[in-house]
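Reader: Hi! Could you walk me through this one?
Author: Happy to, here it is.
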Amino acid sequence: MILKNCTLFDMAAIEGEQRDLRIENGKITLVAPSIEPAAGEEVIDAAGRIVTPGFIDTTSCVGIQNQMYRFDGNDANEVGGNTIMPHLRGLDAINTQDTGFRQCRAGGITTAITGPGTALIMGGTCCAFKTGGSTWNGRVLQEEVALRVCLSNDARHPSGPVYTTMQVPGTRMGTVALARDAFMKAKEYHRVQKAGGKQAMDMKSASLARAFDGMLVKFAVTEKQDIQAAIRMAKEFELPNYAIEIGYGVSEMVEEFKVSGAKLLLGNPYGGVKDRKTRNRRYEQANELAAEGIDFALALGHPGNNGSLANVNLCWVHKGGLATLECLKSVTVYAAEAMGLQDRIGTLEAGKDADIVVWDGNPMDYYGKPEIMLINGEQVSAELYVD
Amino acid sequence: MLLVKNCDLMNMAGIENEQYDVLMDGGKFVKVAKNIEAPEGCQVIDAAGRLVTPGLIETHCHLGMASESGSNTNERGNPNLPALRAIDALEFDALPIRQALQTGVTTICTGPGSANIIGGTFAALKTCWQNPEEQVMVEELAMKMAFGENPKLNYGRKGKTPATRMGCAATLREILFKTKSYHEKWLAHQEKLAKGEASTFSYDAPMHSLMRVFEGMICKIHCHEAADILAAIRIAKEFNLNYSIEHTTEGALILDELKAEGGKYIVGPTMGGASKAELRFKRYDTQGKMEKAGIRFAITTDSGVIPIEHILTQLCVLVKYGLSKKGALKGVTCDAAWAVGLDDRIGTIEEGKDADLVIWDVHPLETDGKAGVVVIGGKVRYEAEKEEA
């Protein structure tokens, strides 16, 4: 298939130049100023519209925390028992009938890193899953792409500490202690595993141990002290690949963050400053951190921030000062790199997945919306409503 | 005295994008005409061709109700709480109220949440937080009521009534029956006193508050599903209540009924997803469909559900999905004022009304939409260029 007459922003070297794209077997195979269609080759005319890679939501719960159902449809948080559950897999819970997927497509999102919520300290692993497509297998980009660890308020027991059992902590100290305990056990499990020794199967440690081999650990934290605790923990256990997710408090520890080596999936600023707790959730924050030389992806965060408003959210980050192209890169190429998926998604270059959005209007305008969307080279509907 | 010259005026009462001047004095609009000469001593602002509209009105929000020590929006113990008053809890200069002013919102109607069948009264405030003595417009504007999943969750899940929609409706009707009886006793008591006759009366604060709905106080009834909307209208008619339907989420499913009833409909918050079953038909094209059906309505953010600074973002999203631009502006100006019974004071730029207006640096329905100057009661309360200094 040829997608022709694109005003292409490939999130690599091409910024608004006219290009044609050839798509074969779900991949982009050629990007060139003019491609002659082969006999019988399908042609879609982008007619000069802006074309970008599909967006990547790095902190999604789409398909797991479903639209509409307060209880039955919310599979994001395994509350009520143990708070250390790194062996749960978002993969096992994804409901493709969730209207949230349609909402995400309507906002330009083609890949969601979807998994557990933030009510557990270790809620499980996240799956890199395409937001559309006719086959399940075709939509799974990576079954388990990251472990999610939450040290913020959400993971603490709402009614205070439960000292006796330490099952669900009420304090930061308790939260970190439980997380470190899990990492210690996993580290030992990993050592024995690598040494070829025999040990009883421990599903939790087996899952968490992958962090030592480079599986991304996403620490969902907002306040400065929680970010510091996450960095301290990552150092103690020598985690080779970890990200601070949301991380509004980074603004209060810029130099410290820069030397840590942590990746940043900066929280969506939608909502702005409302009280002391949200004091750093400023629309200007992304631009300020960029000016400080901090690299980040922007976490979109469906369903807390509905996927249908993804490009609208980007407009607000741009209003806060971040350059237009940097806004778009923060949810495409930078997000892909942070997740380690850059060989498959994030730019529109030969060899990558054909996850492409042809925009009606400008994505960096409230009124812009996807007109044509391809996922794995297959055309999918990006209409918000289908009646 | 304040004169704003060279407005590209949308006064929301017939003047559309024409060059006009607007003169304000004593807190009111005193003249809306072309080429007004500035009286002596009058402050003059040159709108320089910028769009000028009435100040925006948020008909339903909870701004000023939450504080650092927690949210004060909902009591949890009793579904019938008409004696509660937002005015007693408001933080008049809360940060979101300041943000409202900066966004061009000049009046907010704020109050209790929807966890109770009857939650208490809403207040109407101007957003001029720097002058708290000028802020309170109406101490008790409306009685908040609610149907649907929120009261069901708050009570039903604890094994109390209401646990069902039938229970919600029956609870409200029973309360209204009892209060009507109380009201009649009160009126009889007043009559006797007026005639100089002896009379005693047994006061009950909740019923004394609620009985005002039989004297015209608006009932703001929170309804998402069509069943709730129709039940609310049915009961309002039974008791001859002045009512507005808040949220009206399934409005597009009952267009004929809503048009026939001609009630006050406040639609929103629309931008966002569906967290509960009764929001399953929340759609960005609802207001557009209601407009095409010829139904009059206001548009709400239900702040903080949608942060107040996104009042314009939501309007743009609604226009993106079918609402006309004029309809979007009506929903937060003249039709908003009508929906809360304050159209004698606000909602349009006409002589005699409160001098609340916005000079827009960028049109409110553009992505970069931005208020340049916000005037309340004929005084400048916010200037964008001064804030950015």
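Author: We can start with the contact between the chains and then turn to chain A by itself.

Author: Keep in mind that this is a predicted model.

Reader: Sure. How many residues does each chain give to the contact?
Author: Chain B puts in 35 residues and chain A puts in 31 residues.

Reader: And what area do chain B and chain A bury between them?
Author: About 2800 Å², with 56% of it on carbon and sulfur atoms. On the chain B side, the most area is lost to chain A by Arg283(B), Lys320(B) and Thr367(B), together 24% of what that side buries.

Reader: Nice. Which residues form a salt bridge there?
Author: The count between the two chains is one salt bridge. Lys274(A) pairs with Glu309(B), and their closest N and O atoms are 2.9 Å apart. There are also 17 residue pairs in polar contact across the interface, both residues being at pLDDT 80 or more.

Reader: Which elements give two or more residues to the side of chain B that touches chain A?
Author: In chain B these are helix H1 (95-102), helix H2 (149-156) and helix H8 (311-320). H8(B) supplies the largest share, five residues. By type, that side of chain B divides into 14 nonpolar, nine polar and twelve charged residues.

Reader: Switching topic: how many helices and strands are in chain A?
Author: Chain A has ten helices and 16 strands. Its radius of gyration is 21 Å, close to the 21 Å that the globule rule gives for 387 residues, so chain A is as compact as a globular protein of that length.

Reader: What share of chain A counts as buried?
Author: Of its 387 residues, 58%.

Terms used
Residues are numbered from 1 along each chain as its sequence is written. Chains are lettered from A and ligands numbered from 1 in the order in which they are written. This is a predicted model: local features need pLDDT of at least 70, side-chain atom pairs count only at pLDDT 80 or more; totals for chains, interfaces and linings use all residues. Side-chain values use heavy atoms; hydrogens and water are left out. Contact means heavy atoms within 4.5 Å. Buried area is the accessible area (1.4 Å probe) that two parts lose on being put together, summed over both. A salt bridge is a side-chain nitrogen of Lys or Arg within 4 Å of a carboxyl oxygen of Asp or Glu. A polar contact is a pair of N or O atoms within 3.5 Å; within protein, one must be able to donate a hydrogen and the other to accept it, and residues adjacent in sequence count only if both atoms are side-chain atoms. Helices (H or I, at least four residues) and strands (E, at least two) are DSSP runs, numbered from the N terminus. Ala, Val, Leu, Ile, Met, Phe, Trp, Tyr, Cys and Pro count as nonpolar, Asp, Glu, Lys and Arg as charged, and the others, Gly among them, as polar. The radius of gyration is taken over C-alpha atoms; the globule rule is 2.2 Å times the number of residues to the power 0.38. Buried means under 20% relative accessible area, exposed over 50%, partly exposed in between (1.4 Å probe, protein chains only).
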